[in-house]
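Dear colleague,

I am passing on the structure we spoke about, and my notes on its salt bridges follow below it. Please read them alongside the coordinates.

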Amino acid sequence: MNDLFDLRGKVYVVTGSTGALAGSAADYIAARGARVTYLGRSQEKLDRALAKCRENAPDAEAIGCIADVLDRPALERARDATLEKWGRIDGLINGAGGNMPGATITPEQSFTDLDFAAFQQVVDLNLNGTVLPTLVFSEALAAGDGGTIVNFSSASSPQAVTRVVGYSAAKAGVDNFTRWLAVEMARTTSGRVRVNAVMPGFFLGEQNRRLLTNEDGSLTPRGETIVGNTPFGRFGEADELHGAIHYLVADASRFVTGTVLAVDGGFIAFSGV
């Protein structure tokens with residue numbers, strides 16, 4: 001009987017795999033027998049990520065490629081290295097992203113204080129940094145037996161979350177791109193290439209830790225507001241994304257496309273009342 005969740009021998013490319021959430025996802029699928037290409041901007045960070053992967057799964061098949069998600073030649077080299085190593089690509093996880101202070105409005109600022117150059121950089125990284133890798137890798141997906149693309153959305157995309165104007169706008173674009181490309185790929189590949197997204201709620205990482213927690217681990221006012229509006233009453237843990245990603249990259253979801261799957265402890269469902 002075919003195991004709909006079996007990832008053994010499948011080949012996945014993961015952008016942002018030196019970061020917390022995408023890195024944890026890459027480690028998880030590698031530990032389940034998938035062959036994984038880790039993409040990152042620094043050899044030092046890639047080496048650390050691969051060492052961590054093999055700590056947890058000594059037999060993991062994984063390689064690292066230096067590639068900025070906005071650098072098409074570097075992405076093409078990573079694609080070619082993956083095809084040379086394993087002969088095919090079954091999936092792409094677009095996990096690269098992030099925010100920067102200039103694209104965020106602090107409590108003391110108004111919209112007119114927005115640093116537009118920083119806004120552009122955040123949109124480039126999160127939206128264009130999803131579109132460009134997809135452009136580079138999707139042809140290889142379509143050329144084989146088909147496969148899956150999983151983008152990273154955010155709980156700030158479907159509703160207004162104060163302060164994070166650049167990040168929210170970019171992730172809303174990712175949602176729309178996910179649905180648009182899902183329809184396009186369904187029609188042009190007869191459903192062999194599926195496109196979905198995961199929508200993480202609030203997870204603690206190095207980028208937002210100072211914003212959400214104090215040095216003693218207690219919550220900042222911002223952190224308290226977010227936890228108070230999350231019915232589970234806490235932040236998410238990186239491994240709580242694994243099940244959703246596993247489902248979307250596996251054959252279990254072979255009739256699922258254009259979906260943005262929330263993993264948010266109820267944040268999106270809650271009205272705050």
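Glu61 is partly exposed, with a relative accessible area of 36%, and in this predicted model its side chain meets that of Arg35 in a salt bridge, at 3.4 Å from N to O. Because Glu61 belongs to strand β3 (residues 61-66) and Arg35 to strand β2 (residues 35-40), the pair ties together parts that are 26 residues apart in sequence. Arg35 is likewise partly exposed, its relative accessible area being 23%.

A second pair lies within a helix: Glu44 forms a salt bridge with Arg48, and their closest N and O atoms are 3.1 Å apart. Both residues are in helix α2 (residues 43-56), where they are separated by four residues, about one turn of the helix. Glu44 has a relative accessibility of 55% and therefore counts as exposed, the cut-off being over 50%, whereas Arg48, at 49%, counts as partly exposed.

The side chains of Asp251 and Lys10 also meet in a salt bridge, with an N to O distance of 2.9 Å. This pair links distant parts of the chain, since Asp251 sits in the loop between α8 (242-249) and β7 (260-263), while Lys10 is in the segment before β1 (11-15), 241 residues away. Lys10 has a relative accessibility of 16%, and it counts as buried because that value is under 20%; Asp251, at 28%, counts as partly exposed.

The pairs described here are among the nine salt bridges counted in the model.

With best regards

How values were computed. Residues are numbered from 1 along each chain as its sequence is written. This is a predicted model: local features need pLDDT of at least 70, side-chain atom pairs count only at pLDDT 80 or more; totals for chains, interfaces and linings use all residues. Side-chain values use heavy atoms; hydrogens and water are left out. A salt bridge is a side-chain nitrogen of Lys or Arg within 4 Å of a carboxyl oxygen of Asp or Glu. Helices (H or I, at least four residues) and strands (E, at least two) are DSSP runs, numbered from the N terminus. Buried means under 20% relative accessible area, exposed over 50%, partly exposed in between (1.4 Å probe, protein chains only).
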